[in-house]
Amino acid sequence: MSNPKTIATRNFIDIESNTEITLIESFVNSGTGKLFSNFVSEKFIGENAKLNCYTIQTENKLSYSVNTNQVKINRYANYCNTTFTLSGEVVRNNHNVELAAANCEAHLNGLFITNGTQLVDNHTLIDHQMPNCESNELYKGVAKDKSIGIFNGKIFVRKDAQKTNAYQSSKNILLSNDATINTKPQLEIYADDVKCSHGTSTGKVDEEALFYLKARGIGDEVARKLLLQAFAQELIDKIEIKSLKERVLNLFEKVL
């Protein structure tokens with residue numbers, strides 16, 4: 001494919017009650033022309049069901065994409081998504097999750113690495129509508145060269161969503177003075193009996209840890225890669241499929 005293309009795709013996934021599904025979504029562009037993709041995925045998770053998703057984004061530098069997940073979770077259901085963004089010139093990920101019944105939970109995780117002039121933009125919204133629900137978010141980013149990484153996450157707790165537990169964290173490493181990380185975790189709470197927290201941190205590679213490794217004969221480049229791998233390992237370890245975990249780890253190491 002050498003000419004510019006636009007692709008718009010949509011899927012609807014309905015997980016029936018008392019069902020457990022693992023879904024792997026892989027985004028790859030191997031062509032030689034510019035590509036804009038607009039992907040929408042609607043997911044409905046039935047009562048006492050579980051959906052575990054792994055999203056692997058390895059599109060090339062000619063790819064521009066907008067990816068939207070619209071998720072609705074029923075009573076006693078569990079939704080978990082871990083997204084790895086390892087390539088693509090411009091990537092926008094929208095993740096909108098409704099905890100629409102009592103006693104359900106959602107877990108959103110993300111790892112991205114950017115280089116060159118890439119831009120990766122993660123936007124999440126977790127909407128707590130009913131009581132006794134839990135959500136957790138952990139996003140980590142590594143930015144190199146003149147690239148830009150973004151995390152904009154919002155937890156919305158409605159008036160009826162008492163006994164909510166909601167946690168959100170964004171952690172990032174800058175590998176260049178010209179790289180940029182913009183992070184904005186948000187809480188909007190209208191209930192009065194909740195446990196909610198959010199936090200963010202952005203810094204450089206730990207110089208003390210780097211010195212420790214170099215003092216033991218490890219070269220500077222290898223030492224930095226080891227520290228970045230350790231930074232990412234928390235998210236890679238969330239992959240329960242051994243072969244997929246090895247594949248993601250290899251892909252991550254290649255783009256360091």
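Biologist: Which residue of strand 11 stands opposite H128?

Modeller: V157 stands opposite H128. This is a predicted model.

Biologist: What makes strand 9 and strand 11 a pair?

Modeller: A pair needs at least two bridges. Strand 9 (residues 119-128) and strand 11 (residues 148-157) have ten bridges, in the parallel sense. Therefore they count as paired.

Biologist: In which sheet do they sit, and in what order do its strands run?

Modeller: The sheet is open, with seven strands in the order 1-3-5-7-9-11-13. The pairing is parallel.

Biologist: Why are strand 1 and strand 13 said to stand at the edges?

Modeller: Strand 1 (5-15) and strand 13 (180-189) each have a single partner strand, so one side of each lacks a neighbour in the sheet. From one strand to the next, the twist averages 5°.

Biologist: Now strand 10. Which strands pair with strand 10, and over how many bridges?

Modeller: Strand 8 (residues 105-114) pairs with strand 10 in the parallel sense, over ten bridges. Strand 12 (residues 164-174) is also parallel to strand 10, joined by ten bridges. On the strand 8 side, H107 has N136 of strand 10 as its bridge partner. On the strand 12 side, I173 stands opposite V142.

Biologist: How do you know whether strand 10 is mostly covered or open?

Modeller: Count its buried residues. Strand 10 (residues 134-143) has ten residues, and eight of them are buried. That makes the strand mostly covered.

Biologist: Why is L244 called buried?

Modeller: The cut-off for buried is under 20% relative accessible area. L244 has 5% relative accessibility, so it counts as buried. L244 lies in helix 3 (residues 242-255). Leaving out residues up to four places away in sequence, L244 touches I24, Y54, I56 and I239.

Biologist: How do you know that the length of helix 3 agrees with what is expected?

Modeller: Helix 3 has 14 residues and, at 1.5 Å a residue, should span 20 Å. Its end C-alpha atoms are 21 Å apart, which agrees.

Biologist: Which residues of helix 3 are buried, and what makes them one face?

Modeller: L244, V248, L249 and F252 are buried. Seen down the helix axis, the buried residues fall within an arc of 135°, so they line one face. The face turned away from this buried side carries K242, S243 and K254, which are exposed.

Biologist: What do the buried residues of helix 3 pack against?

Modeller: They pack against strand 2 (20-27), strand 4, strand 6 (78-85), strand 8 and helix 2.

Biologist: How many residues does the largest nonpolar core have, and which have the most contacts inside it?

Modeller: This core has 21 residues. F84, L111, I236, V248 and F252 have the most contacts inside it. Strand 4 (50-57), strand 8, strand 10, helix 2 (220-236) and helix 3 each give two or more residues to this core. Helix 2 gives the largest share, five residues. A second core lies apart from this one, with 19 residues, including I13, A49, I73 and A77.

Biologist: What is L111 in contact with?

Modeller: Neighbours within four places in sequence aside, L111 contacts T83, F84, T85, K140, A232, L235, I236 and F252.

Biologist: Why might nonpolar side chains gather like this?

Modeller: In soluble globular proteins, nonpolar side chains tend to be buried together.

Methods
Residues numbered from 1 in each chain as written. Predicted model: local features only at pLDDT ≥ 70, side-chain atom pairs only at ≥ 80, totals over all residues. Heavy atoms only, no water. Buried < 20%, exposed > 50% of the residue type's maximum accessible area, 1.4 Å probe, protein only. Helix = DSSP H or I, 4+ residues; strand = E, 2+ residues; numbered from the N terminus. Contact = heavy atoms within 4.5 Å. Core = buried A, V, L, I, M, F, W, Y, C linked by side-chain atoms within 4.5 Å. Expected span 1.5 Å × (residues − 1). Arc of directions from axis to C-beta. Axes fitted to C-alpha atoms, helices over the stretch in contact; angles between N-to-C directions.
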